[in-house]
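Biologist: I would like to go through a structure and ask why its features carry the names they do. Please set each value against the rule behind the name.

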Amino acid sequence: MMFDAIRFRDDFPALSTGQVYLDSAATALKPQPMITATSDYYRQDTANAYRSLYQQAQRTTQQIETTRQRVAELIHATSPQQIIWTKGATESVNLVAQSYARYTLKAGDEIIVSELEHHSNLIPWLIVAEQTGAKVIKWALNDNHQLDIAGLKQCISDKTQIVAVTQMSNVTGYQPDLAEIVKIVHANKAVIVVDGAQGILHSPIDVASLDIDFYLFSAHKLYGPTGLGALYVKADKLSQLAVWHGGGKMLKTASFSGFEPQLAPEKFEAGTPNIAAIIGFGATLNWLKQWDRLAAEAYTLSLAQQAEQDLQSISGFISYRATTSPILSFNIEHIHHSDMAVLLAEQKVAVRTGELCAQPLMRRLNCSGVIRAAFAPYNNQQDVLRLVNAVHTALDILR
Amino acid sequence: MNALNITEHQLVEQFAQQPTWQDRYRQLIALSKHLPPLAVEDKNAHYHINGCENNVWLKVTRHHDGRFHLSADSDGRIVKGLLAILVILVDGKTAEQITQIPFSDIFHQLKIDTELSESRLVGLNKLIEEIRQAVAQQNS
Ligand SMILES: Cc1ncc(COP(=O)(O)O)c(C=O)c1O
């Protein structure tokens, strides 16, 4: 199947503003079917889920479960019961930390966290370490800014209970070898938590065949709505998760002397879910099926590569891009990233700049921040050209 | 006269002559180069302004004659240019004169307010507030 980049781009109304959108790693743009489904829910189908018996309410419940099924299929979970709705990747990590780690960790146990991680996959571990007396251990990058297996072997031990690693860095776009990592983690009787926040957009994942214990992502980074995320939990871990938030619909029976929780996933979904978002995301996932995602990714990569190549001619250009990364983070010697950001914004080129919620990685890369152009399949050659020209114009002003 | 030896009038003139946004930024960068750097020992936590994307240091001192001296620095050139404007407007004035500076009118004349993004403008206003507070404190 060929990837029809023009037709793909046409599905994103936000692109009609003329802005060059290169901030897809912060949040991806939304395709028309998602927007339509969300607005239809608010315009004509509004109803709560799991509660009432009238038609809309029943349909709403049905749609939520259909979307759960689509997420399961997307990441190759064996059952939709393993998919828990959350607010996003961040809340998913916190759920694992507070419902799993908090009850399994003992003083002296260790949590290995890679040096690449977004704060969302670091701070929840620091919090639970503080609560339990466990320690967070850094899995350092090697000289090529990669996570090598030797490095993991160096820090893993029989004290290690959890290893937390990203599927794809939000700064360099580097993707660690998850298959190898999982093997070592499991050989050491630890569990693996994979942050799929960036990977979900670019790399199809098979959580079952990779044997991942916890996998999580945010819908908004996969052409979906904000305020929604998912947490996948491997079947044998699901029963070990303690209740998290208490409230409506997470229980079977309640009285003043106690309650009996529901089974997963409802057990972890107290209160009214983000219905509009789930319905919108269902539409996104349905729309996504028509595209050859590998071909789309190959196309996206070619754009990032071309941008890097074209910028390489600038003296002092420093690229942090991993090979085969759709994300191009860079700096230009003696130019402050925020100066570049202001002047790119002036030229309607949307990029992200700064620490990118990854202060430890910034320290490792020896910089106070970067400029990040994150490509997606709705970008095109024209976007690359406008970025490159805008950088030159900015330099012309700044130098 | 202020540390840059540029009057407010000259400043407005200089910006008025710039036809495009690129030229106005160039002017800002040029100004940043005229801003005397802050002494290394003054680039400390005491003078550092928190919460900006750039590092910013602001030092406000009161002379015995009641005039204030403003020195400032930043690691970003655009911010440094903005600081240079603040120095031109504030440096060498008394507390009373400083309270009367019509900052937003001047930024409007310089066309800087339309150029800068909302968050930058907030940042700029924050710096002005810092200066006003430091002046008020040392004057009491
Ligand atoms: C790698 C990574 N992990 C986690 C997150 C957090 O995602 P969210 O803010 O949607 O919870 C992000 C978002 O920037 C990310 O890039």
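Modeller: What follows is a set of questions and answers on a predicted model.

Biologist: How many residues does each chain bring to the contact between chain B and chain A?

Modeller: Chain B brings 15 residues and chain A brings 16 residues. The area buried between the two chains is about 1300 Å², and carbon and sulfur atoms give 52% of that area. On the side of chain B, Trp21(B), Glu53(B) and Arg77(B) supply 39% of what chain B buries against chain A, more than any other three residues.

Biologist: Why is an area used here at all?

Modeller: The size of an interface is often given as the accessible area lost when the parts come together.

Biologist: What makes Arg26(B) and Asp396(A) a salt bridge?

Modeller: The closest N and O atoms of Arg26(B) and Asp396(A) are 2.9 Å apart. The rule asks for a side-chain nitrogen of Lys or Arg within 4 Å of a carboxyl oxygen of Asp or Glu, so the pair qualifies. Across the interface of chain B and chain A, the rule finds one salt bridge. There are also nine residue pairs in polar contact between chain B and chain A, with both residues at pLDDT 80 or more.

Biologist: Which helices of chain B each supply at least two residues of the side that touches chain A?

Modeller: They are helix 2 (21-34) and helix 3 (77-90) of chain B. Helix 2 of chain B gives the most, with six residues. By class, the side of chain B that touches chain A has five nonpolar, three polar and seven charged residues.

Biologist: Why is helix 13 of chain A called roughly perpendicular to helix 3 of chain B?

Modeller: Helix 13 (residues 337-346) of chain A and helix 3 of chain B pack at an angle of about 85°, and their axes are 7 Å apart. Angles of 65 to 115 degrees count as roughly perpendicular, so this pair of helices gets that name. Asp339(A), Val342(A) and Leu343(A) of helix 13 make the contact with Arg77(B), Ile78(B) and Val79(B) of helix 3. That contact has four nonpolar, no polar and two charged residues.

Biologist: Why are helix 15 of chain A and helix 2 of chain B called oblique to each other?

Modeller: Helix 15 (residues 381-398) of chain A and helix 2 of chain B pack at an angle of about 40°, with axes 8 Å apart. Angles under 35 degrees count as roughly parallel and 65 to 115 as roughly perpendicular; about 40° fits neither, and the helices are therefore oblique. Among the residues in this contact are Thr393(A) and Asp396(A) of helix 15 and Trp21(B) and Arg26(B) of helix 2. The classes are five nonpolar, two polar and two charged.

Biologist: How do you know that Asp213(A) and Lys234(A) form a salt bridge?

Modeller: Their distance, N to O, is 3.7 Å, and the cut-off is 4 Å, so the pair counts. The two residues are 21 residues apart, Asp213(A) in the loop between helix 9 (207-210) and strand 7 (214-218) of chain A and Lys234(A) in the loop between strand 8 (229-233) and helix 10 (235-238). Over all chains the search finds 22 salt bridges.

Biologist: What makes the peptide bond from Ala264(A) to Pro265(A) cis?

Modeller: Its omega is near 0°. Pro265(A) is in the loop between strand 10 (258-261) and helix 11 (275-288) of chain A.

Technical notes: Residues are numbered from 1 along each chain as its sequence is written. Chains are lettered from A and ligands numbered from 1 in the order in which they are written. This is a predicted model: local features need pLDDT of at least 70, side-chain atom pairs count only at pLDDT 80 or more; totals for chains, interfaces and linings use all residues. Side-chain values use heavy atoms; hydrogens and water are left out. Contact means heavy atoms within 4.5 Å. Buried area is the accessible area (1.4 Å probe) that two parts lose on being put together, summed over both. A polar contact is a pair of N or O atoms within 3.5 Å; within protein, one must be able to donate a hydrogen and the other to accept it, and residues adjacent in sequence count only if both atoms are side-chain atoms. Helices (H or I, at least four residues) and strands (E, at least two) are DSSP runs, numbered from the N terminus. Ala, Val, Leu, Ile, Met, Phe, Trp, Tyr, Cys and Pro count as nonpolar, Asp, Glu, Lys and Arg as charged, and the others, Gly among them, as polar. Axes are lines fitted to C-alpha atoms, for helices over the stretch in contact, and angles run from 0 to 180 degrees between N-to-C directions. Angles under 35 degrees count as roughly parallel, over 145 as roughly antiparallel, 65 to 115 as roughly perpendicular and the rest as oblique.
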